[in-house]
Amino acid sequence: MAETKERTPAAEPLIPWYVLSIFAFLCAGALASIALLGPLGTESIEYRTSQSGIWQTEGGDVVNLLLMVPLLLIGGALHVLRRSSSKYFLVLTPLTLMYTGLSLGIGQEWGNPEYTGNVEEYAWLFLIIIIGGVVLLIGSLPLFTEKDAPEFRRNSLRVYVGIMALFIMIFALMWLSELVEVMSTGDTASGSYTETPTIWWTVRYLDLGVTIPLGFIALFLLLTKPKRAYSLVLLFFGFFITLGTAVLSMGIVMVANDDPTAQVGALPVFGMLAALSWIGLLYLVKDKLSVLLRRVPAKSG
């Protein structure tokens with residue numbers, strides 16, 4: 001009787017490599033199109049939102065063009081070449097793709113006649129990145145094994161988790177205080193709620209219901225089961241670096257345009273969250289970076 005060879009998750013992925021690559025390229029194209037057709041580019045997409053909402057969209061589009069699109073293109077190209085390093089790029093993108101598609105698609109002021117636009121004509125672009133995010137999520141996680149995880153130093157890990165948890169808690173308290181303010185007075189101090197209530201609720205539900213809980217779950221797994229949950233922790237930190245950088249970019253664009261609804265005091269919090277997320281991600285992949293650097297031949301003098 002012939003001996004059967006056991007297949008590992010990496011040898012037989014849940015989603016074929018070519019499907020994953022195609023969706024990576026599709027999402028990169030859709031994100032680039034959204035940015036270039038929006039207020040940052042040709043202004044062909046007219047969002048049904050306030051001027052403040054448009055400035056926030058511009059800030060997000062900058063990060064999508066400079067960070068998300070390159071991650072997807074590099075990950076997709078490496079996956080076509082069947083390089084195992086592709087998973088480290090692809091796993092960073094799914095949650096942000098879904099978050100972006102949902103917030104842009106749902107968070108328009110549909111019922112307010114003061115806001116006109118044609119954003120609904122581009123709904124197919126938002127659907128591409130939402131569906132693509134789901135495909136990349138299911139396809140990229142099984143590519144990892146426990147052997148991919150680096151060795152962790154417990155003491156430094158505890159310090160990092162403590163600092164990161166503190167800033168996530170501050171972020172949560174900021175949004176919860178606004179929620180209480182709206183419930184008690186009917187508006188925020190800056191008037192951002194009555195100006196665009198749909199996107200206000202969309203962002204608060206996504207952040208308080210998804211982003212912030214994921215942050216605490218990622219930190220818990222990083223501290224308790226870093227090797228078993230390595231792929232999930234990478235997924236979560238990919239979400240933090242991309243979304244955190246986008247939120248910081250939005251705030252900077254709003255302040256640069258003297259937006260009265262800009263939360264200037266929140267910029268340091270968003271900046272620290274973005275910086276800590278990048279530090280955490282680099283820590284998670286430091287072993288892979290050191291191997292890559294060792295393979296680069298030194299230039300002769």
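Start by selecting Ile22: its relative accessibility is 46%, so it counts as partly exposed. Keep in mind as you click around that this is a predicted model.

Now colour helix 1, residues 17–37, and you'll find Ile22 sitting in it. Next, add Trp17, Tyr18, Phe25, Leu26, Leu73 and Val80 to your selection; together with Ile22 they make a nonpolar surface patch of about 610 Å². Which helix gives the most to this patch? That's helix 1, with 5 residues. Show helix 2 (51–80) as well, since helix 1 and helix 2 each supply at least two residues of the patch.

Time to leave the surface. Select Tyr160, Leu222, Tyr230, Leu234, Phe236, Phe237 and Leu284: within the largest nonpolar core, which has 51 residues, these touch the most other members. To see where that core comes from, show helix 2, helix 4 (94–106), helix 6 (154–185), helix 8 (197–224), helix 9 (230–256) and helix 10 (267–284), the elements that each give two or more residues to it. Helix 9 has the largest share, 11 residues.

Zoom in on Tyr160. What is it in contact with, leaving aside neighbours within four places in sequence? Look for Leu219, Leu222, Phe237, Leu276, Ser277, Ile279 and Gly280 around Tyr160.

For the last stop, pick Ala28, Leu31, Val69 and Leu143. They are among the 25 residues of another core, which lies apart from the one you just visited.

How values were computed
Residues numbered from 1 in each chain as written. Predicted model: local features only at pLDDT ≥ 70, side-chain atom pairs only at ≥ 80, totals over all residues. Heavy atoms only, no water. Patch = residues over 30% accessible without salt bridge, like charges linked within 9 Å, V, L, I, M, F, W, Y side chains within 5 Å. Areas by Shrake-Rupley, 256 points an atom, 1.4 Å probe, with all protein chains shown as cover. Salt bridge = Lys/Arg side-chain N within 4 Å of Asp/Glu carboxyl O. Helix = DSSP H or I, 4+ residues; strand = E, 2+ residues; numbered from the N terminus. Buried < 20%, exposed > 50% of the residue type's maximum accessible area, 1.4 Å probe, protein only. Core = buried A, V, L, I, M, F, W, Y, C linked by side-chain atoms within 4.5 Å. Contact = heavy atoms within 4.5 Å.
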